[in-house]
Protein chains: 2
Amino acid sequence: MLTIKKPFLLLIGDMTNPRNAKTAFGLRDWAREDCISQLVFSEDAVDLGLPRMTVEQAAQEGAKTAVIGIAPQGGVLPAHWVPVLQAALRAGLDIASGLHSRLKDIPEIAELAATLGRTLHDVRHNTLSLPVGNGKPRSGLRLLTVGTDCALGKKYTAMAIARGMKARGLKADFRATGQTGILIAGGGIAVDAVVGDFISGAAEMLSPGNDPDHWDVIEGQGAILHPAYAPVTLGLLYGSQPDALVLCDDPLRERLNDFPHVRCPTVSEAMNAYLPLARAANPAARFVGISLNTSAMPESEAFETLLRTEEETGLACFDPMRTGVETVVDVLADFPRADAAEGKELKIQ
Amino acid sequence: MLTIKKPFLLLIGDMTNPRNAKTAFGLRDWAREDCISQLVFSEDAVDLGLPRMTVEQAAQEGAKTAVIGIAPQGGVLPAHWVPVLQAALRAGLDIASGLHSRLKDIPEIAELAATLGRTLHDVRHNTLSLPVGNGKPRSGLRLLTVGTDCALGKKYTAMAIARGMKARGLKADFRATGQTGILIAGGGIAVDAVVGDFISGAAEMLSPGNDPDHWDVIEGQGAILHPAYAPVTLGLLYGSQPDALVLCDDPLRERLNDFPHVRCPTVSEAMNAYLPLARAANPAARFVGISLNTSAMPESEAFETLLRTEEETGLACFDPMRTGVETVVDVLADFPRADAAEGKELKIQ
């Protein structure tokens with residue numbers, strides 16, 4: 001599995017639009033302790049509020065990997081970035097990229113990295129030889145975030161829960177399945193780039209057997225009722241064999257993101273679609289919470305919606321960015337340990 | 001989409017084990033009119049009962065494509081086959097292969113084909129630029145074969161139904177989704193080699209809008225309750241938006257093929273898993289028949305099982321190889337035409 005050396009120098013370059021620097025902001029917000037500095041080309045570039053350093057200064061301060069923090073339109077690396085990436089390699093840094101275009105396909109970078117023995121991480125492109133899933137139960141506990149749609153908080157929810165569990169003294173690890181999550185976690189598998197037959201195998205590899213009281217908190221992808229991305233969702237669901245599910249929803253979303261001709265399912269429609277499939281992989285699977293993305297709602301409406309959803313579902317309802325995750329961590333702290341015992345029953349059976 | 005020129009010369013070479021010549025037998029059994037000859041290296045090779053010809057003779061008789069009819073252990077082309085493939089290219093033939101190893105990766109073959117302007121079809125490897133699925137309804141009718149497991153008759157069932165419908169004067173086309181089906185149909189997309197995000201898009205491309213009374217009869221893959229192959233199954237289900245489903249089952253199978261630790265679901269467990277997902281893509285989706293692979297049963301037990309399943313499900317139950325497909329073609333011939341009208345309702349909604 002991909003493992004990216006920390007700490008990081010975040011490369012902003014001359015990107016002036018914060019929306020196209022989401023990767024850098026994600027790292028700053030979720031892996032602050034791993035980000036020692038930023039590199040900008042110009043005064044009007046996005047400012048992460050980190051110390052500005054050259055690649056040489058960053059290397060001297062201990063940085064191990066230069067991370068391309070921008071996602072330009074089209075996902076292609078601007079040509080004038082090549083010299084600074086070469087300088088980073090010469091200074092002793094690896095390079096990590098979540099762009100569509102591969103660092104390994106840029107000869108000036110690939111050849112220099114090979115000569116110097118540096119590692120290039122194209123985190124969106126999987127080069128692992130993945131097994132097919134086997135469906136065998138394994139020890140440890142797993143939580144998977146699932147959604148009514150894409151792009152509504154599955155990654156943030158999983159990261160917040162893993163962090164909240166650790167703060168409570170529980171054994172928990174965030175498991176990343178997409179490029180931004182992988183950069184934040186320093187490892188993972190971009191499951192949406194995996195060939196269909198190997199998706200559940202990738203998910204099994206990502207959350208292997210562990211201590212009976214250890215939780216893998218797995219970043220979900222896509223949505224089970226999504227016309228395009230559901231296969232990835234199902235592979236993650238089967239391979240993760242989650243003991244606990246958290247459904248992520250945006251209460252204001254009426255149509256699927258980028259699919260305006262498709263209605264977004266309700267919370268209960270989505271739960272009804274997920275649960276029988278989750279139980280095919282793990283008969284003990286159950287929902288433990290609902291994560292609502294209320295960022296576009298005023299405070300009063302947000303709390304009203306959270307309360308109403310809690311009444312309707314009987315589950316812990318929260319917005320990780322507004323209310324925190326304490327209510328769902330309470331549930332997980334008390335999670336029945338029986339399922340986690342060695343030799344638990346075969347799941348798809 | 002892949003289109004392979006017909007008719008074919010089937011290459012058997014020195015393969016003596018009929019089980020490793022399944023591709024050639026499949027073509028002979030299901031595309032007999034497209035197979036004008038066989039080529040063998042030795043007297044003890046498998047005999048398809050077709051005229052024996054050299055590549056030059058076959059080209060003179062009108063053959064357009066030499067098809068590698070064997071699937072050796074490991075899926076790699078034997079090195080001593082290279083000269084005959086080069087001779088086929090020089091004689092004017094394209095070459096088609098369903099092997100894991102690519103013809104395009106064998107320089108002596110790839111370079112000669114490029115020089116001569118011949119086409120190499122590595123049908124297991126998709127080179128199309130596929131779209132993501134969009135979930136929009138389209139005109140025409142679609143039938144998808146689905147299964148309780150892999151390798152129990154989904155391809156044969158789909159081919160038999162398409163053939164039976166054509167014989168009845170209905171508009172129907174078999175749509176192939178795996179390498180053997182693609183060679184038989186002369187085109188298709190090997191969906192199990194597609195990256196997760198594009199599986200439903202591949203299925204949409206494979207069964208595009210058509211006449212309101214036209215049926216695409218689509219070869220299913222995997223199984224919805226299969227720990228490894230379900231993602232491909234779900235992508236095919238969503239992208240195909242089937243109006244009609246046929247469930248394929250092997251009544252004697254207790255454990256999944258190659259997954260002896262996983263119980264094979266019952267017919268009703270599988271139907272209950274498929275139907276809500278099929279209806280997410282097409283609210284009118286319904287099962288129209290059950291195809292039982294009774295090949296390992298004596299005649300009396302086979303008919304008893306078919307009758308019992310028909311009583312239990314109320315659906316047309318048949319074994320395409322033993323009883324034919326007339327009962328399910330009867331249902332399809334009377335299929336309500338309302339759904340096929342222009343402007344049918346948006347399906348995932």
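Two strands are taken to pair here if DSSP finds at least two bridges between them, and with that in mind the tour of this predicted model can start at a sheet.

**First sheet, chain A**

Select β3, β2, β4, β5 and β6 of chain A, which in that order form an open sheet of five strands with parallel pairing. At the edges stand β3 (35-40) and β6 (120-122) of chain A, each with a single partner strand, so one side of each is left without a neighbour in the sheet. From one strand to the next, the twist averages 20 degrees. Now narrow the selection to β5 (residues 94-97) of chain A and its parallel neighbour β6(A), which are joined by three bridges; to see one such pairing, pick A:Ser97, whose bridge partner in β6(A) is A:Asp122. Next, add helix α1 (residues 22-30) of chain A, which packs on this sheet and touches β2 (8-13), β3 and β4 (65-68) of chain A. The direction of α1(A) makes about 145 degrees with that of β2(A).

**From domain 1 to domain 2**

Colour chain A by its two domains, with domain 1 covering residues 2-122 and domain 2 covering residues 141-340. The C-alpha centres of domain 1 and domain 2 of chain A lie 29 Å apart, and where the domains touch, twelve residues of domain 1 of chain A are in contact with ten residues of domain 2 of chain A. On the domain 1 side of that contact, β1 (2-3) and α1 of chain A each supply at least two residues, and α1(A) gives the most, with four residues. By class, this side of domain 1 of chain A has seven nonpolar, four polar and one charged residues.

**Second sheet, chain A**

Now select β8, β10, β7, β11, β14 and β15 of chain A, listed in their order across an open sheet of six strands with parallel pairing. The edge strands here are β8 (171-175) and β15 (316-318) of chain A, each of which pairs on one side only, and the twist averages 20 degrees from one strand to the next. Starting from the β8(A) edge, follow the five bridges over which β8(A) pairs in the parallel sense with β10 (residues 214-218) of chain A; A:Asp173 has A:Asp216 as its bridge partner in β10(A). Then show helix α5 (residues 154-167) of chain A, which lies across β7 (141-147), β8, β10, β11 (244-249) and β14 (286-292) of chain A and runs at about 160 degrees to β8(A).

**The two chains together**

Bring chain B into view. A rotation of 180 degrees with 0.0 Å of shift along its axis superposes chain B on chain A, with an RMSD of 0.0 Å, and that is the relation of a two-fold axis. The contact between the chains takes 36 residues from chain B and 36 residues from chain A. On the side of chain B that touches chain A, α7 (199-206), α8 (230-240), β13 (259-263) and α9 (267-281) of chain B each supply at least two residues, the largest share, six residues, coming from α8(B). That side of chain B has 23 nonpolar, nine polar and four charged residues. Of the interface residues of chain B, 100% are also interface residues in chain A, so the copies meet through the same surface.

**Confidence**

Finally, colour by pLDDT: chain A averages 93, and 96% of its residues score at least 70. Over residues 338-349 of chain A, however, the pLDDT is below 50, although this stretch has 29 contacts in the model beyond near neighbours in sequence. For the complex, the predictor gives an ipTM of 0.90 and a pTM of 0.91.

Terms used: Residues are numbered from 1 along each chain as its sequence is written. Chains are lettered from A and ligands numbered from 1 in the order in which they are written. This is a predicted model: local features need pLDDT of at least 70, side-chain atom pairs count only at pLDDT 80 or more; totals for chains, interfaces and linings use all residues. Two residues are in contact if their C-beta atoms, placed from the backbone, lie within 7 Å. Ala, Val, Leu, Ile, Met, Phe, Trp, Tyr, Cys and Pro count as nonpolar, Asp, Glu, Lys and Arg as charged, and the others, Gly among them, as polar. Axes are lines fitted to C-alpha atoms, for helices over the stretch in contact, and angles run from 0 to 180 degrees between N-to-C directions. pLDDT is the predictor's confidence in each residue, from 0 to 100. Copies are superposed by least squares on the C-alpha atoms of residues with pLDDT of at least 70 in both. Domain bounds come from an automatic or database domain assignment.
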